[in-house]
Amino acid sequence: MKGNKISSFQGFLKLTKRVRKSKTNSFTTSIFSLPNELLITEVLARVAATSVCDFFNLILSCKAFHQTANDNYILGHVSLDKVPVIPWRSPKQAFFLEKCKETGHPEALYREGVVQYFSFAKVGEGLNCLNSAAKVGHVGAAYVLGVILLCIEEGGEGRRLLNYVKSKKGIGESRKKFKDVINRLWLNNFLEPKPNTCPMQAQHRRKQRWPSDDDDDDDVSCEACGCHLQVIFVCNLLRGIVTY
């Protein structure tokens, strides 16, 4: 009688193990049977866009995620908040940032454009990167590119870009981002503002106030004067005239 009880209990344990193993295999199979598109859009892409640290941890946790991690869509949307502007001390971060730039990542292109234009003085490459980022909607890139173009030529594309930034309520955030990037660089290329050609600038100047980082509307009704104010702000910032 006692032997029968022991035998029955051992049988129960074996059955329980088989059930658990079956559930585990079923769960594992269900994950690996998911299509790559679903893994990219619903898991990796969302995590990557939120936190690069969580993204790296995730791809190390699963072979399927690791194999999909180099997808251009994911690298084009990964958050770069924790990645230095120029990762001097980390070849891995530098390689990762370069991969992001190659996929057309807007923030990576923006950073590269600012670095190339203002630090390495490679004007053409800097403008190309900023233009590529601005074309896909990077407001900070549109702001910097607009200011640069207004220092090269009057009106035209530069003014259109700054009007676009203002329409997105992105003036204040664009200033903060630009200040944050150039604070980490050796500056070797500067901007010189062109004269303000508005015939009523004296009257408009009375209504102006110096732009703060939180402003998205500088109370300047004149488009030309408003754009010129942004140009002066950036030019002074580059030469260290503006208080940080």
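# Exercises on an all-helix chain

Buried residues (under 20% relative accessible area with a 1.4 Å probe, protein chains only) make up 41% of the 244 residues in the protein chain. The model is predicted: local features need pLDDT of at least 70, side-chain atom pairs count only at pLDDT 80 or more, and totals for chains, interfaces and linings use all residues. Residues are numbered from 1 along each chain as its sequence is written, and side-chain values use heavy atoms, with hydrogens and water left out.

**Exercise 1.** State how many helices and strands the protein chain has.

Solution. Helices are DSSP runs of H or I with at least four residues, and strands are runs of E with at least two, numbered from the N terminus. The protein chain has 13 helices and 0 strands.

**Exercise 2.** Describe how helix H8 and helix H9 cross, and which residues make the contact.

Solution. Step one is the geometry.
- The axes of H8 (residues 123–135) and H9 (residues 139–152) come within 8 Å and cross at roughly 135°. Axes are lines fitted to C-alpha atoms over the stretch in contact, with angles from 0 to 180 degrees between N-to-C directions.
- H8 is therefore oblique to H9; under 35 degrees counts as roughly parallel, over 145 as roughly antiparallel, 65 to 115 as roughly perpendicular and the rest as oblique.

Step two is the contact (heavy atoms within 4.5 Å).
- H8 supplies Leu-127, Leu-130, Asn-131, Ala-133 and Ala-134, while H9 supplies Ala-141, Ala-142, Val-144, Leu-145 and Ile-148.
- The residues of this contact of H8 with H9 divide into 9 nonpolar, 1 polar and no charged. Ala, Val, Leu, Ile, Met, Phe, Trp, Tyr, Cys and Pro count as nonpolar, Asp, Glu, Lys and Arg as charged, and the others, Gly among them, as polar.

**Exercise 3.** Place Asn-163 in its helix, then work out the packing of that helix against H13.

Solution. Start with the residue.
- Asn-163 is in helix H10 (residues 156–167).
- With a relative accessible area of 30%, Asn-163 is partly exposed, that is, between the buried limit of 20% and the exposed limit of 50%.
- Beyond its neighbours within four places in sequence, Asn-163 is in contact with Glu-223 and Cys-227.

Then take the helix pair.
- The axes of H10 and H13 (residues 223–238) come within 10 Å and cross at roughly 85°, so H10 is roughly perpendicular to H13.
- Arg-159, Leu-162 and Asn-163 of H10 meet Glu-223, Ala-224, Cys-227 and Gln-230 of H13.
- The residues of the contact of H10 with H13 divide into 3 nonpolar, 2 polar and 2 charged.
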